[in-house]
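Thank you all for making the time this morning. I would like to walk through one structure with you, taking the charged side chains and the aromatic rings in turn, so please have a look at it before I begin.

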Amino acid sequence: MSKSIFIDTSRCTACRACQVACKQWKGFEAVPTKQTGTHQNPPDFTPQNNKLVRFSEHKIDGRIHWLFFPDQCRHCLQPGCKMASDPYVDEAIVIDEATGIVVCTEKCKDLTEEQCQEIIDSCPYNVPRRNPETGMLSKCNMCIDRVHAGLEPMCVKTCCTGTMSFGERDDMIRLAEERLEKVKKEHPKAELLDVEDLSVIFLVTQPRAMYHDYACRQPRPLDRGEFLASLVRPFRHIIG
């Protein structure tokens, strides 16, 4: 049974404890940034930032509202990044059999910069980043070391508002659906994002386009990785 994270953005206060805890657990370096007119910092993912709380400001019903989105790799059930990398370097990106977690391995260093860019472009959520100093592709690995030790991912462990939950995928889908039913009473436009394809499930209270460009699967012409994934998807329910 694959593992999943459920992220209920209706409970997020943008404290960014998850963002800091991720960096601390992975030993990532500080990233110098500048004020860009938003409290979101850094402005986007970097090789040293696998978790990022995105900020969006909107006027809703005459009031200013902050929409917070604790962004990360979605750990796709049929990951385009793996599909794109396999023809170049086998096992550069793998799916952990025990948990379903998608992991970038040390073999990513054998990929060229152009190949890495193709892999990055294959992600419909624009998540992986290449470290130019090491050649490694970097993204959330759901703290696979902690998960195999029976612990929660660091972002989930640190969240003090109940925004993030971790467990078996079926249990997280059930929790997400139950929570959505309650949230819809106050936010009728609330929805779950791309549940059928992902191991990281987001609940949002407003239309997905109000969060950021890659809050949900970004529609665009399929690249090779996504094309291969689309061929496999119809057989997923048959083979289990």
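Let me start with a question: is Arg-208 buried, partly exposed or exposed? With a relative accessibility of 26%, Arg-208 counts as partly exposed, and I should say at once that this value, like everything else I will quote, comes from a predicted model.

Arg-208 has a partner, because a salt bridge links Arg-208 to Glu-191, with 2.8 Å between the closest N and O atoms. Arg-208 sits in the loop between S10 and H7, whereas Glu-191 belongs to strand S9 (residues 191–193), so the pair ties together parts that are 17 residues apart in sequence. Glu-191 is itself partly exposed, at a relative accessible area of 22%.

The search of the whole structure finds 14 salt bridges, and I will pick out two others. One of them is formed by Glu-168 and Lys-3, whose closest N and O atoms are 2.8 Å apart; here Glu-168 lies in strand S8 (residues 164–168) and Lys-3 in strand S1 (residues 3–8), so that the bridge links distant parts of the chain, 165 residues apart. Glu-168 is partly exposed, at 26% relative accessibility. The other joins Asp-171 to Arg-174, with the closest N and O atoms at 2.9 Å, and in this case the two residues are three places apart in helix H6 (residues 169–183), which means that about one helical turn separates them. Both ends of this bridge are partly exposed, Asp-171 with a relative accessible area of 37% and Arg-174 with 45%.

Which residues are joined into one network by salt bridges that share partners? They are Asp-44, Arg-54, Asp-71, Arg-74 and Arg-129, and I would like to go through the two aspartates separately.

Asp-44 is found in the loop between helix H1 (17–26) and strand S2 (52–60), and its relative accessible area of 27% makes it partly exposed. Its side chain makes a polar contact of 3.0 Å with the side chain of Arg-54, and another, of 3.1 Å, with the side chain of Arg-129. If we set aside residues up to four places away in sequence, Asp-44 touches Leu-52, Arg-54, Asn-126 and Arg-129.

Asp-71, by contrast, lies in strand S3 and is buried, with a relative accessibility of 0%. The side chain of Asp-71 also reaches the side chain of Arg-54, in a polar contact of 2.7 Å, and a further polar contact, of 2.9 Å, joins it to the side chain of Arg-74. Beyond its neighbours within four places in sequence, Asp-71 is in contact with several residues, including Phe-45, Leu-52, Phe-202 and His-212.

Arg-54 also leads us to the rings, since Arg-54 lies over the face of Phe-45, at 5.1 Å from the ring centre. A second arginine is placed in a comparable way, with Arg-146 over the face of Trp-25 at 4.7 Å from the ring centre.

Turning to the aromatic pairs, of which the search finds five in the whole structure, how are the rings of Phe-69 and Phe-202 arranged? Their centres are 4.2 Å apart and their planes meet at 10°, so the pair is stacked. Phe-69 is in strand S3 (residues 63–71) and Phe-202 in strand S10 (residues 200–204), 133 residues apart, and the pair thus links distant parts of the chain. Phe-69 and Phe-202 are both buried. Phe-69 also pairs with Tyr-211, where the centres are 5.8 Å apart and the planes stand at 55°, so that this pair is tilted. Because Tyr-211 lies in the loop between S10 and helix H7 (224–239) while Phe-69 lies in strand S3, this pair ties together parts 142 residues apart in sequence. Elsewhere, Phe-55, Trp-66 and Phe-68 form one aromatic cluster.

Finally, a word on the cysteines, for which the count of disulfides comes to zero. Cys-22 is in no disulfide, the nearest cysteine sulfur being that of Cys-143, 6.2 Å away, and Cys-22 is buried, with a relative accessible area of 7%. Cys-216 is likewise in no disulfide, with the sulfur of Cys-76 as the nearest, 12 Å away, and at 12% relative accessibility Cys-216 is buried too.

Note on methods: Residues numbered from 1 in each chain as written. Predicted model: local features only at pLDDT ≥ 70, side-chain atom pairs only at ≥ 80, totals over all residues. Heavy atoms only, no water. Helix = DSSP H or I, 4+ residues; strand = E, 2+ residues; numbered from the N terminus. Buried < 20%, exposed > 50% of the residue type's maximum accessible area, 1.4 Å probe, protein only. Contact = heavy atoms within 4.5 Å. Polar contact = N/O pair within 3.5 Å; in protein donor to acceptor, adjacent residues only side chain to side chain. Disulfide = S-S within 2.5 Å. Phe/Tyr/Trp six-rings, centres within 6.5 Å; stacked < 30°, edge-to-face > 60°. Lys NZ or Arg CZ within 6 Å of the ring centre and 35° of its normal. Salt bridge = Lys/Arg side-chain N within 4 Å of Asp/Glu carboxyl O.
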